[in-house]
Amino acid sequence: MSGTPARTAADAATTDVVCLGESMVTFLPSQPGRLADVPSFGRGIGGAESNVACALARAGHRAAWVSRVGADGFGDHLVDTIAGYGVDTSAVRRDPARPTGIYFRTATDRAADIHEVAYYRAGSAASAMSPANVPHEALLAGRVLHLSGITAALSADCLALLRELTAPRPGRPLVSFDVNHRPGLWREGDASPRVLLDLARGADLVFVGEDEAEEAWGITGTGAIRAALPEPAVLVVKRGADGATVIEGDTVTDVPALRVDVVAPVGAGDAFAAGFLSATLRGLPVRDRARHGHLMAAAALTVPGDLTDPPARDRADHLVALDDAAWGRLRLGPGWTGDDTEVRTQ
């Protein structure tokens, strides 16, 4: 299958991307430090798949989010907030018997040893998603179906759902899969590395961090990752500050990352996926897809929370079109997405 979803005459009324997964209310620390020492928290939302949906909607695409939330105030907040970004939430189901998940985190990078996350999501409404209770017509209504490995870790029913959605079948949307390896979410005894590899092999477009591949599968180097994942039409290996490598068929394209003055190191992976998917939907070439991913990631990195407005499309297109030398001189900081903000070079 091609790495770009096919267009049809009905595309004008078709959802571009459907994102399936749990979103939670997240409590963001008022200051750095251990959770035990933080005096107060601000409320936000967090969820890999809903983050992608929100970013795509703000970028001008028709995005939908499919999930389950509790029949509670936190569920109201999630649905209202995500819908406020322009996302179609009509297929979100309310569960009267299970709560909406929440979590608390520290302000440090997820990869840092001192980073803490306290999840309160066991038994959540989203963890009860299964092949029997999600609206399949909504999941299959878009040109792209975006999934992540986080959903597979929530429960056996959620894993069964992802196995079903990544299984080959005629006429399915282009399936995008972000590995999102989160070891702390998997139940004891679950073979998460093997599960994630199997799910990724069933997708058409896969996002995986170089560090994730090493941690989950003991694989280093883009060549070895491609050898383990030969099936996806497009494989995107994220290499942090070193950029991204996109393998489409046998063609390998390295795209350097941007220099960014980081405010908070959260949400960048989801934003990168959104930027790459946005450019994929537009039929742009590989280099430009990855550059749009880097720009979306830079927008997320220069704000405190997971979500922010992306740069206007014409502004992003202008930056993406720069020659390699000019691209390499860019340095992006807080506020850079504003129309009247000058982008720095160095």
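Which residue stands opposite H146 in strand 10? In this predicted model, the residue that stands opposite H146 is S176 of strand 10, and the sections below begin with the strands around this pair before turning to other parts of the chain.

## Strand 9 and its two partners

Strand 9 covers residues 142-148, and because seven of its seven residues are buried, this strand is largely enclosed by the rest of the structure. A student who follows strand 9 in the model will find that strand 1, made of residues 15-20, is joined to it by four bridges, and that these two strands run parallel. One place at which to look for this pairing is V17, which stands opposite V144 in strand 9.

Strand 9 also pairs with strand 10, again in the parallel sense, and here the pairing extends over five bridges. The pair formed by H146 and S176 has already been named, and a further example is L147, whose bridge partner in strand 10 is F177.

## Strand 10 and the step to strand 11

Strand 10, which spans residues 174-178, is mostly covered, since five of its five residues are buried. The residues of strand 10 point in two directions, with L174, S176 and D178 on one side and V175 and F177 on the other, and the residues of both groups are buried.

Strand 10 pairs in turn with strand 11, which consists of residues 205-209, and this parallel pairing is made over three bridges. Within it, D178 of strand 10 stands opposite F207 in strand 11.

## An unusual backbone angle at N180

The loop between strand 10 and helix 6, the latter running from 192 to 201, contains N180. This residue has a positive phi of about 45 degrees, although it is not a glycine. For comparison, most residues other than glycine have a negative phi. Is N180 buried or exposed? Its relative accessibility is 6%, and because buried means under 20%, N180 counts as buried.

## An open sheet with a helix across it

A separate description can be given of an open sheet of four strands, whose order is 3-2-7-8 and whose pairing is mixed. The strands at its edges are strand 3, residues 41-46, and strand 8, residues 117-120, each of which pairs on one side only. From one strand to the next, the twist of this sheet averages 20 degrees. Strand 2, which covers residues 24-29, pairs with strand 3 in the antiparallel sense over six bridges, and V25 has I45 of strand 3 as its bridge partner.

Helix 2, residues 73-84, lies across strand 2, strand 3 and strand 7, and it runs at about 65 degrees to strand 3. One residue of helix 2 is H77, which counts as buried because its relative accessibility is 18%, below the 20% limit for that class. When its neighbours within four places in sequence are left aside, H77 is in contact with V25, R43, G44 and I45; of these, V25 and I45 are the bridge partners already named in the sheet.

## A107 between strand 7 and strand 8

The loop between strand 7 and strand 8 holds A107, and with a relative accessibility of 34% this residue counts as partly exposed. If residues up to four places away in sequence are not counted, A107 touches P29, P32 and P265. How far is the C-alpha atom of A107 separated from that of A297? The separation is 18 Å, for two residues that lie 190 residues apart along the chain.

## The crossing of helix 10 and helix 11

Helix 10, residues 286-301, and helix 11, residues 313-320, have axes that come within 10 Å and cross at roughly 120 degrees. Angles of 65 to 115 degrees count as roughly perpendicular and those over 145 as roughly antiparallel, and the two helices are therefore oblique to each other. Their crossing is right-handed.

On the side of helix 10, the contact is made by R287, D288, R291, H292 and L295, while helix 11 contributes A316, D317, L319 and V320. Sorted by character, the residues of this contact divide into four nonpolar, one polar and four charged.

Methods. Residues are numbered from 1 along each chain as its sequence is written. This is a predicted model: local features need pLDDT of at least 70, side-chain atom pairs count only at pLDDT 80 or more; totals for chains, interfaces and linings use all residues. Side-chain values use heavy atoms; hydrogens and water are left out. Axes are lines fitted to C-alpha atoms, for helices over the stretch in contact, and angles run from 0 to 180 degrees between N-to-C directions. Angles under 35 degrees count as roughly parallel, over 145 as roughly antiparallel, 65 to 115 as roughly perpendicular and the rest as oblique. A crossing is left-handed if the near helix is turned anticlockwise from the far one by less than a right angle, and right-handed if clockwise. Contact means heavy atoms within 4.5 Å. Ala, Val, Leu, Ile, Met, Phe, Trp, Tyr, Cys and Pro count as nonpolar, Asp, Glu, Lys and Arg as charged, and the others, Gly among them, as polar. Two strands pair if DSSP finds at least two bridges between them. Buried means under 20% relative accessible area, exposed over 50%, partly exposed in between (1.4 Å probe, protein chains only).
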